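Me: I have a new structure open and would like to learn how to read it. Could you take me through it, feature by feature?

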Amino acid sequence: MKKLTKKQMISTGAVVILAIGGVSVGVINHSNTVHAQQVAKTKAHDAKVKADKEAKAKQLAKEKEAAQQKQVATLLDTATKNPSDASIKAVNDAIAKLTDQKEKTKDADLVKELNNRLALIKKAQAAVKDYQAHATDANKQKVAQSAINALTDKNDASVKAQLQKLFDESNEQAQEAAKSTQAKQQSSQETQKADVANTSNQQATQNTQKNNSNSSDNSISSNVTPSYNGGGTSANTGTNTNSSGSNQGNSNSNNGNNNSNNNSNNNSNNNNGNNDKPTPDPTPQPTVRYAGVVYVDGAVRYRQVFNTYAEAQQYATSIYYGSEMENLMFEGHVIRWATEAV
């Protein structure tokens, strides 16, 4: 083997060093490439995970919104069929959880309609209740019927029918009470007329008796008068015969005058006695009384009779608006009151 010179050895060493350096650089470059690829892969994975999370969150939000809208629709349907403070509040609470502003606005408009319907229902209920307590008040009757007629929504048909039934019952009671009162008053007036006629007949009979009595007294007086005339005739005759007869005739004449005066005074006293007789009092007039009655399911629950219509009405209405009747009404019983003439 040929021995290398120093120069050759230096050259060969440099080549070896270069070769080793080249290998190191290559290794480093490869390592950098692998790292970059791993970083890129990690970023891509993270981005995908994030995108998946966002998509999933959007899907969940969408599903949640759809479920909430479905709940709102269900509650709106319930409130539409039977509007009340509770059902409308439930709808408003559900609408507040929506995120879609367009849906919120649309549903809020529907709730406004429900509130308007509920206000009309409450007004009609209050008017009918007021009319039940004052069934004879024509103005309250008109207000109640007008409030019932204002319930035009088809979903309020059952409520309207129920209120109309209560109104008709009170109206019928008022008419029956009015007819009964009118009949009692007419009967009382006829009785009064009959009593007045009887009193007039009695007075006429008494007057006839008085006239007959006076005629009888006058007849007696007339019968006495001829006696006086006879006395006068005797006096005249006595005058023609002698003075003694004249005195006797004068005596007879005086007696005749005394008899005439006595008869006249008796007649006057009899007439005064008849005029002093008291006129009999008319027969006491009958009075109409009223009964306050409270019915439960058509049967009499409470009934009390009073002298005036106002007292009977106050009695019946005080029980009708009491806690007992209110509880029975909530249990489904039909409660009504009336004021009846007895």
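Reply: Gladly! Let's begin with accessible area, which comes from the Shrake-Rupley method with a 1.4 Å probe. This is a predicted model, and in it the protein exposes about 23,300 Å². Carbon and sulfur atoms supply 52% of that area.

Me: What percentage of the residues of the protein count as buried?

Reply: A residue is called buried when its relative accessible area is under 20%. By that cut-off, 23% of the 342 residues count as buried.

Me: How many helices and strands does the protein have, and how do the elements run from the N terminus on?

Reply: There are 8 helices and 3 strands. Starting at the N terminus, the order is α-α-α-α-α-α-β-β-α-α-β. You can also ask how contacts spread along the chain: of those between residues at least 6 apart in sequence, 60% join residues at least 24 apart.

Me: Let's zoom in on one helix. What should helix 2 span, and how far apart are its end C-alpha atoms?

Reply: Helix 2 covers residues 85-96, and at 1.5 Å a residue its 12 residues should span 16 Å. Its end C-alpha atoms are 17 Å apart, which agrees.

Me: Which residues of helix 2 are buried?

Reply: They are Ser87, Ile88, Val91, Ala94 and Ile95. Looking down the axis of helix 2, you find these buried residues within an arc of 120°, so they line one face of the helix. On the other side, Asp85, Ala86, Lys89 and Ala96 are exposed.

Me: Now for empty space. How many cavities of 30 Å³ or more are there?

Reply: Rolling a probe the size of a water molecule over the atoms shows where empty space is left. Here the count comes to 2 cavities of 30 Å³ or more. The largest cavity has a volume of about 50 Å³, and its lining includes Ala135, Ser170, Tyr309 and Trp337. Helix 5 (157-241) and strand 3 (335-341) are the elements that give two or more residues to this lining. Helix 5 gives the most, with 4 residues.

Me: And how much space lies in the largest pocket?

Reply: About 890 Å³. It is lined by 28 residues, and the closest to its centre are Gln125, Gln162, Leu163, Leu166 and Met329.

Me: Which helix gives the most to the lining of the largest pocket?

Reply: That is helix 3, with 8 residues. Helix 3 (101-133), helix 5 and helix 8 (323-330) each supply at least two residues of the pocket lining.

Terms used: Residues are numbered from 1 along each chain as its sequence is written. This is a predicted model: local features need pLDDT of at least 70, side-chain atom pairs count only at pLDDT 80 or more; totals for chains, interfaces and linings use all residues. Side-chain values use heavy atoms; hydrogens and water are left out. Buried means under 20% relative accessible area, exposed over 50%, partly exposed in between (1.4 Å probe, protein chains only). Contact means heavy atoms within 4.5 Å. The expected span of a helix is 1.5 Å times one less than its number of residues. The arc is that of the directions from the helix axis to the C-beta atoms. On a 1 Å grid over the protein atoms alone, a cavity is a set of points where a 1.4 Å probe fits but cannot get out, and a pocket is an open set with protein on both sides within 12 Å along at least five of seven lines; lining residues have an atom within 4 Å of a point. Grid points are joined across faces, edges and corners, and a volume is the space filled by probe spheres set on the points.
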